[in-house]
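Me: I'd like to go through some of the labels people put on a fold and see what backs each one up. Can you take me through them?

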Amino acid sequence: MSYSPQYLSGSEIRQKFLEFYSQRQHKILPSASLVPEDPTVLLTIAGMVPFKPIFLGKSTSEWKRATTAQKCIRTNDLENVGRTARHHTFFEMLGNFSFGDYFKEQAIVWAWELSTEVFGLPPARLVVSVYEDDEEALRIWRDKIGVTPHRIVRMGEKDNFWKSGPTGPCGPCSEIYYDFHPELGEEGIDLEDDSRFIEFYNLVFMQYNRDGSGNLTPLAAQNIDTGMGLERMAQILQSVPNNYETDLIFPILKTAAELAAIDYSRADEKTKVSLKVIGDHIRATVHMIADGITAANIGRGYILRRLIRRVVRHGRQIGIQGNFIQILAQKAISLVPEAFPNLKTKEQVILQELEREVASFTTTLERGEKLLAEILASFPQQISGVDAFTLYDTYGFPLELTQEIAAEVGVKVDVESFEAYLARQRIRSQAAHETIDLTLSGSIDILAKQIPPTEFLGYRETSATATVKAVLGTGKKVQIVLDRTPFYAESGGQIGDRGILKAHNLLVTIEDVQKEAGLFLHRGSIQQGILQVGDTVTATIDIPSRRRAQAHHTATHLLQASLKKSINNSIDQAGSLVAGDRLRFDFNCPRPLEQEELQQIEAEINTWIGEARDTKTKVMSITEAKEKGATYMATESYGNKVRVVDIPGVSMELCGGTHVGNTAEIGLFKIISEIGISAGVRRIEAVAGPAVLEYLNVRDKVVRELSDRLKVKPEGIPERVNIYIGELKASQKQLAALKEELALAKSDQLLQKVESVGEFKILVGELEHAEPEALKAAAVRLQQKLGESAVVLGSTPRQEKVSLVAAFSGKVNKEKKLQAGKFIGQIAKICGGGGGGRPNLAQAGGREPGKFTEALATARKDLLSALK
């Protein structure tokens with residue numbers, strides 16, 4: 001049989017893979033969200049993530065076989081994106097899965113058939129790897145498939161043995177590699193040679209369970225988990241040098257190149273790296289936003305924010321102007337209309353989020369530039385690694401840009417220290433994003449395997465007898481697990497209950513309750529007696545504390561309902577806190593709310609409270625809840641059964657928290673503040689119930705004190721404060737103007753020191769005690785008076801401070817190649833400082849007034865020499 005790789009588009013490769021396995025009784029399942037249901041995984045980083053509960057034996061699948069084209073994101077090696085042929089943040093993993101059905105031989109046979117007969121890859125160009133002890137796989141490849149022994153490579157546990165964690169499911173792997181240069185022969189094959197080989201298909205044979213001692217025992221149900229990189233197969237079949245030049249990504253690169261007026265084929269390597277980063281990251285960002293992720297400073301939102309900022313930075317580096325990111329996002333969306341139709345559906349949401357984040361980042365960049373200027377103004381010998389890393393990580397400043405700006409004033413960057421901080425970040429990133437932990441670890445997880453989940457009675461009981469199942473900790477501070485409890489464990493933003501555990505000669509105060517692995521951990525202190533496993537205790541919550549939390553939780557539901565009704569129905573919750581003293585509600589909104597809008601929301605909520613509406617709860621299927629229109633968080637994962645809290649005619653939400661039975665129990669509702677916490681996310685803080693009175697008492701005390709001090713009635717305080725502020729600003733402005741006028745008047749006396757050098761005039765002098773701004777104004781005025789000239793002025797306005805300024809005419813810049821920033825930066829070093837600015841005007845400073853005279857003398861000498 002002759003084999004010939006045929007050109008296939010990315011879409012065709014995806015379709016042929018799925019059809020191949022569908023014809024072999026695999027259920028084609030849609031790609032899962034990038035936000036996994038598994039709380040231990042930040043993002044979906046592999047095709048098997050959605051099937052993790054099945055592989056763990058925690059749930060069963062209605063299909064024995066499945067196949068998917070799973071969208072994935074990995075950011076553990078972000079700095080390699082664009083620099084290698086095949087590193088990506090976003091990629092598609094084509095996979096076929098067997099849940100206790102077929103195993104090793106069938107998986108290998110089908111993988112080979114797909115690779116050679118469907119995709120037409122010549123067997124002579126394929127190399128396979130096997131785990132060094134997996135004789136079974138080796139025999140199948142050699143005897144069943146017919147791969148020559150020279151093209152079967154044994155590899156160790158590091159490369160070819162998959163494990164979920166220290167214990168749990170595991171098994172050997174086998175990989176298929178494509179050989180770009182078979183003419184180099186079969187002797188001494190090195191699969192680490194990326195220029196020759198590319199791994200495109202990985203087969204995981206999940207056949208063992210590893211116990212705590214490291215012993216391997218066969219699994220009762222053996223599973224298959226495979227992954228074929230779509231981008232890698234596209235590179236092979238489209239005969240391009242890297243994944244980025246496939247039809248999956250290159251149209252984005254081409255659009256970006258056109259926006260930068262660049263011919264990609266003629267671009268230098270640095271420019272191509274920027275274009276590849278842009279192409280990769282744009283794909284990642286549109287999918288993340290479509291799956292409900294918004295830019296933030298933590299978690300998934302931070303990853304999204306970082307990717308968007310890298311796109312903006314690389315775009316600026318290659319000269320793209322304006323908000324180009326939306327154009328590229330539209331191009332990315334247009335490339336996958338059939339595979340990911342949700343991108344088109346969410347297109348406006350994606351574009352709006354990108355616009356908000358780019359606008360925010362532009363401001364951030366400006367703050368970064370200001371921070372760098374402040375760092376340089378402190379006259380450092382060099383910019384520290386931590387400062388350079390902060391500029392890089394927080395403000396999006398590439399190291400090269402920081403070095404370039406610093407070099408203009410003769411300051412170096414501690415690159416070694418910067419690299420150390422960067423390396424630490426990579427290690428943290430790998431730990432956070434690369435590992436898929438299919439096992440439970442730690443004492444809590446061990447306990448969860450030994451005792452049943454805690455039964456929660458708190459919806460109907462405030463006190464109950466319970467049996468102590470476990471006590472963790474030593475001394476007085478303990479964590480207690482009960483078989484049943486009325487205590488609410490922190491969840492859904494609501495804090496855990498407080499209260500006591502009592503028995504004969506025993507008293508334990510509970511300060512907090514957390515839930516882990518189904519167990520409620522009652523955290524508290526033993527006040528009296530000895531607590532032991534098996535004891536029977538009476539668990540009683542702090543009822544006033546619970547009531548305050550309930551009032552705030554129900555008020556939070558009313559707040560979301562009012563926001564959707566009054567502002568925009570598309571508003572979604574982005575986080576919350578429900579405590580006894582306040583509530584906090586984060587929501588997506590592109591703008592601040594007006595004061596009138598906040599007053600309207602507050603009034604509406606208090607109206608609902610006054611109407612004494614009943615609160616009803618019901619457990620139903622997730623499907624039924626969605627059909628009824630219940631509000632839920634898109635980024636949260638829910639089970640098949642959910643609890644719905646319904647305030648008829650007002651609000652219906654999925655919620656496991658505790659609530660008032662009737663809105664009248666809330667009493668009053670008062671908004672305290674509304675602020676922005678990140679691009680596109682606002683935060684409202686409010687109080688309800690007894691907390692309103694406490695809040696008003698504090699405000700009343702402050703108002704009374706101000707009223708007494710200002711000698712006005714409370715309603716007159718704002719006007720009186722505005723008068724004082726206006727007077728203060730006017731005084732400060734007047735003082736600054738007087739100082740500037742004084743400096744300008746004194747500066748005229750310096751005209752006697754003017755020296756001529758050919759057609760140029762030079763003036764170097766001191767303005768005693770002049771502040772930096774006044775000094776700058778005087779220098780500009782003198783330079784304009786003198787025409788083609790170079791003016792350098794200095795002063796010592798305060799102890800241990802030197803101020804310097806240089807103002808050069810355009811001809812001095814152009815003909816004599818003198819730049820004010822570089823010139824004055826060098827002069828400032830004499831005084832133990834530094835600085836810089838534009839070619840025609842720059843400021844600097846120093847910390848050694850004793851060398852001020854020497855600095856001015858050096859400035860005069862250097863100018864005379866340069867202008868001759």
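Reply: Sure, starting with span: the expected span of a helix is 1.5 Å times one less than its number of residues. Helices here are DSSP runs of H or I with at least four residues, strands are E runs of at least two, and both are numbered from the N terminus. Keep in mind that this is a predicted model, where local features need pLDDT of at least 70, side-chain atom pairs count only at pLDDT 80 or more, and totals for chains, interfaces and linings use all residues. Residues are numbered from 1 along each chain as its sequence is written, and side-chain values use heavy atoms, with hydrogens and water left out.

Me: What span does α21 reach, and what is expected?

Reply: Helix α21 (residues 717-748) has 32 residues, for which 46 Å is expected. From first C-alpha to last, α21 reaches 47 Å, close to that value.

Me: Which residues of α21 are buried?

Reply: I717, A743, L744 and S747 are, going by the cut-off of under 20% relative accessible area (over 50% is exposed, in between is partly exposed; 1.4 Å probe, protein chains only). Their cover includes α20 (690-710) and α22 (772-786).

Me: Why are α17 and α18 called oblique to each other?

Reply: Helix α18 (residues 595-610) packs against α17 at about 125°, with the axes 10 Å apart. Axes are lines fitted to C-alpha atoms, for helices over the stretch in contact, and angles run from 0 to 180 degrees between N-to-C directions. Under 35 degrees counts as roughly parallel, over 145 as roughly antiparallel, 65 to 115 as roughly perpendicular, and the rest as oblique. The α17-α18 pair is therefore oblique.

Me: Which residues of α17 and α18 meet?

Reply: Contact means heavy atoms within 4.5 Å. On the α17 side the residues include L558, L559 and A561, and they meet α18 residues including Q600, I601 and W608.

Me: What makes α8 and α10 roughly perpendicular?

Reply: The axes of α8 (residues 269-290) and α10 (residues 325-334) cross at roughly 75° and come within 9 Å. That angle therefore earns the label roughly perpendicular. I278, I282 and V286 of α8 make the contact with I325, L328, A329, A332 and I333 of α10.

Me: How do you know that β25 pairs with β26?

Reply: Pairing takes at least two DSSP bridges, and eight join β25 to β26 (residues 681-688), running antiparallel. The open sheet has the order β20-β21-β26-β25. Its edge strands, β20 (573-578) and β25 (669-678), each pair on one side only.
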